[in-house]
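Grab a pencil and work through these exercises one at a time. Try each task before you read its solution.

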Amino acid sequence: MLISLSSLCLYRPLRTTLFFSTHHLLSTPLSSNSLVHIWSYSSSHSTQVSIAPANVEQNEEQTIGVPKVDVLKQKLELLGIICDSSCVPGHYSNLLCPKCNGGQSMERSLSLYIVQKGDLARWRCFRTDCNWAEQVFLDGKAGHDGVKEKEVQFSRQMTKESLRLEPPGEKLTAYFSERMISEKTLWRNGVMQLSSEDVMAFTYRQNGLLVGCKYRTIQKRFWLEKGSAKILYGIDDINDAAEVIIVEGEIDKLSMEEAGFCNCVSVPGAGAGKNSAKLPPMEKDTAFRYLWNSKLYLDKVSRIILATDNDAPGQALARALARRLGTYRCWQVRWPKKDEFSCFKDANEVLKYMGPDALRKVIESSEPYQQCVSEADKVV
Ligand SMILES: [Zn+2]
């Protein structure tokens, strides 16, 4: 009896709100998604913000004595965005999106950011079939607070047609085959080529939709499609993964698949940023934006195997990733010896020269990151 009562209490706020706020439903034009809107509108009662008369535009005078950020949150609530204690200026929060309710899994897909001064909030829903992205200013003026328009533009919807992509032709298929990457793996990962050109096109997808594309010539020249979302390559493959392998290139991700590992993602570009003593706050950590944008996926993971390149930049990247992901759940790959003087550089080299079974063994014998670091310290 006691148990059922306490579990009932957990749901009480929503129900109470429903009963007490029907007048809001009748008096406001807040559309169809009523449950969310009712909750959001009336939850203002619990804050110290006084609600402005419905037909009066919020202005500077009304905000006197009330923290700016509370007024901003009130504006957000009117749009159905329910702020919680994580919504503080200068930080990203993950909230429930009122447009799509986070889909079937009801994930907190809306990433909200309130600027430091508390007079602008912008958001984006990361569910690609929703993608709701807007901003609201405290005083209703556009371009306020020196925020550049560019900063609040989000990636456009891409299609294979709009990017002029086609399945890889003979030349590229042969290139991949020489690297032991099969046509089946190319197909499953949506690897394409630029129409009538021998340029590889690695399509970045999220929830199956095209959100970015990285091009690569055989001569190793790279560029990104304009407007590409900053996420990990192969993110859909780690949706429900408890263990994840992170590599440093799209071809290494494909190589892992040849060795039997689909739970692998690649960073979109090399580079470990500055190795400062203190990590920058998430929103200023621009070199790792792709990692923070993939946070919802990585938070659920208990073991992360770092399989970056076996060179100085690759090891710096592993360090930078481990610091951000938590060294306690990171493992590090040791690349096998190539000859007396050197080791293999990456997953594709191991696959090409030693085969898929050897690559699988390399991954399976990776070691806890903290152990690797302390051993490296001993050498120094
Ligand atoms: Zn949404």
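A residue counts as buried here if 20 or more other C-beta atoms lie within 10 Å of its own. Keep in mind that this is a predicted model.

**Exercise 1. Get your bearings: how many helices and strands are there in the protein, and what percentage of its residues is buried?**

Step 1. Start with the elements: the protein has 13 helices and 14 strands.

Step 2. Then look at burial: 34% of the 380 residues are buried.

Step 3. Now turn to contacts with a separation of 6 or more: 59% of them link residues 24 or more positions apart.

**Exercise 2. Find out where the predictor's confidence stays under 50.**

Step 1. Begin with the overall score: the average pLDDT is 77, and 75% of the residues score at least 70.

Step 2. Next, check residues 1-63, where the pLDDT is below 50. This stretch still has 53 contacts in the model beyond near neighbours in sequence.

Step 3. Move along to residues 142-156, where pLDDT also stays under 50. The model gives them 23 contacts beyond four places in sequence.

**Exercise 3. Work out how strand β2 is placed: which strands pair with β2?**

Step 1. Take β1 (residues 92-95): four bridges join this strand to β2, and the two run antiparallel. One pair to look up is L95 with its bridge partner L110.

Step 2. Now go to β3 (residues 120-125), which pairs with β2 over five bridges, again in the antiparallel sense. Here L112 has W123 as its bridge partner.

Step 3. Look at the turn: the hairpin of β2 and β3 has five residues between the strands, and G118 takes a positive phi near 80 degrees there.

Step 4. Put burial on top. Four of the five residues of β2 (residues 110-114) are buried, so the strand is largely enclosed by the rest of the structure.

**Exercise 4. Trace the open sheet of five strands: in what order do they come?**

Step 1. Write down the order, β5-β6-β7-β8-β9, with antiparallel pairing.

Step 2. Check the ends. β5 (165-166) and β9 (222-224) are the edge strands, each with a single partner strand, so one side of each has no neighbour in the sheet.

Step 3. Zoom in on one edge: two bridges hold β5 against β6 (residues 191-194). Across that pairing, L165 stands opposite L194.

**Exercise 5. Compare two residues with a positive phi, M180 and S196: is each one exposed or partly exposed?**

Step 1. Recall the background: most residues other than glycine have a negative phi.

Step 2. Locate M180 in the loop between α5 (170-178) and α6 (183-188). Its phi is near 65 degrees, a positive value in a residue other than glycine.

Step 3. Count around M180: there are 19 other C-beta atoms within 10 Å, so M180 is partly exposed.

Step 4. Locate S196 in the loop between β6 and β7 (199-206). S196 has a positive phi of about 55 degrees and isn't a glycine either.

Step 5. Count around S196: with 9 other C-beta atoms within 10 Å, this residue is exposed.

**Exercise 6. Locate the largest nonpolar core: which domains give residues to it?**

Step 1. Note that this core has 61 residues, and that I245, I246, L306, A307 and I363 have the most contacts inside it.

Step 2. Ask which element contributes the largest share: helix α10 (residues 312-325), with six residues.

Step 3. Bring in the domains. Domain 2 (155-229) and domain 3 (232-380) both supply residues, so the core lies between them.

Step 4. Follow one residue: beyond its neighbours within four places in sequence, I246 is in contact with V265, V267, I304, L306, A307 and L321.

Step 5. Look elsewhere too: another core, of 20 residues, lies apart from that one and includes C83, L95, C97 and L138.

**Exercise 7. Decide whether T308 is buried or exposed.**

Step 1. Find T308 in the loop between β12 (303-307) and α10.

Step 2. Count: T308 has 28 C-beta neighbours inside 10 Å, so it counts as buried.

Step 3. See what surrounds T308: its contacts beyond four places in sequence include V247, E248 and G314.

Step 4. Finish with a distance: the C-alpha atoms of T308 and V267 are separated by 9.2 Å, while the two residues are 41 residues apart along the chain.

Methods: Residues numbered from 1 in each chain as written. Predicted model: local features only at pLDDT ≥ 70, side-chain atom pairs only at ≥ 80, totals over all residues. Buried ≥ 20, exposed ≤ 12 C-beta atoms within 10 Å, placed from the backbone. Pairing = 2+ DSSP bridges. Contact = placed C-beta atoms within 7 Å. Core = buried A, V, L, I, M, F, W, Y, C linked by C-beta atoms within 7 Å. Domains from an automatic or database assignment. pLDDT = per-residue confidence, 0-100.
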